[in-house]
Amino acid sequence: MNRLLRAHGFAVTLFDSAEALLEHGGFDKAICIVIDINLDGKSGVELRRKLAEEGVTAPVIYVTGNDSPVNRSAAVASGCVAYLTKPFTAQSLIDSVTRAAAA
């Protein structure tokens, strides 16, 4: 995803963990945040809630290799702009990020 997004002109910042993302700050410049639903046993949806509690308003795109009605419902309820199931096409990610950038 990193190479793909950079190849389409997007600046990308990667984080090793949910904690590193939460500590980052500077979200006012982010056009979106791409979060995996499953983060080493933690919930990407819960991470999104924590970000929202801290006032982060950047749109969220979820990716998951573990699609389920429960995951999908929780993601949509958290206010995501896209929910992509792996494997997804490169174009679907680019389209989602482009849509988030336009929001």
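These questions and answers walk through a predicted model.

Visitor: In what order do the three strands of the open sheet stand?
Guide: The sheet is open, and its pairing is parallel. From one strand to the next, the twist averages 25 degrees. The order is S1-S4-S5.

Visitor: Which strands stand at the edges?
Guide: Look for strands with a single partner strand. Such a strand has one side without a neighbour in the sheet, so it stands at an edge. The edge strands are S1 (33-36) and S5 (82-85).

Visitor: What is the bridge partner of Ile 61 in S5?
Guide: Strand S4 covers residues 60-64, and four bridges join S4 to S5. The two strands run parallel. In S5, the partner of Ile 61 is Ala 82.

Visitor: Which helix touches S4 and S5?
Guide: Helix H3 (residues 44-53) lies across S1 and S4, at about 145 degrees to S1. Another helix, residues 90-102, packs on the sheet and makes about 170 degrees with the direction of S5. The helix touching S4 and S5 is H5.

Visitor: Is Arg 48 buried or exposed?
Guide: Arg 48 sits in helix H3. Leaving out residues up to four places away in sequence, Arg 48 touches Ile 35, Val 56, Ala 58, Val 60, Tyr 62 and Ser 78. Its state is buried.

Visitor: How far from Arg 48 is the nearest side chain of opposite charge?
Guide: A salt bridge needs a nitrogen-to-oxygen distance within 4 Å. Arg 48 has no salt bridge. The nearest side chain of opposite charge is Glu 53, and its distance is 10.0 Å.

Conventions. Residues are numbered from 1 along each chain as its sequence is written. This is a predicted model: local features need pLDDT of at least 70, side-chain atom pairs count only at pLDDT 80 or more; totals for chains, interfaces and linings use all residues. Side-chain values use heavy atoms; hydrogens and water are left out. Two strands pair if DSSP finds at least two bridges between them. Axes are lines fitted to C-alpha atoms, for helices over the stretch in contact, and angles run from 0 to 180 degrees between N-to-C directions. Contact means heavy atoms within 4.5 Å. Buried means under 20% relative accessible area, exposed over 50%, partly exposed in between (1.4 Å probe, protein chains only). Lys and Arg count as positive and Asp and Glu as negative; His and the chain ends are not counted.
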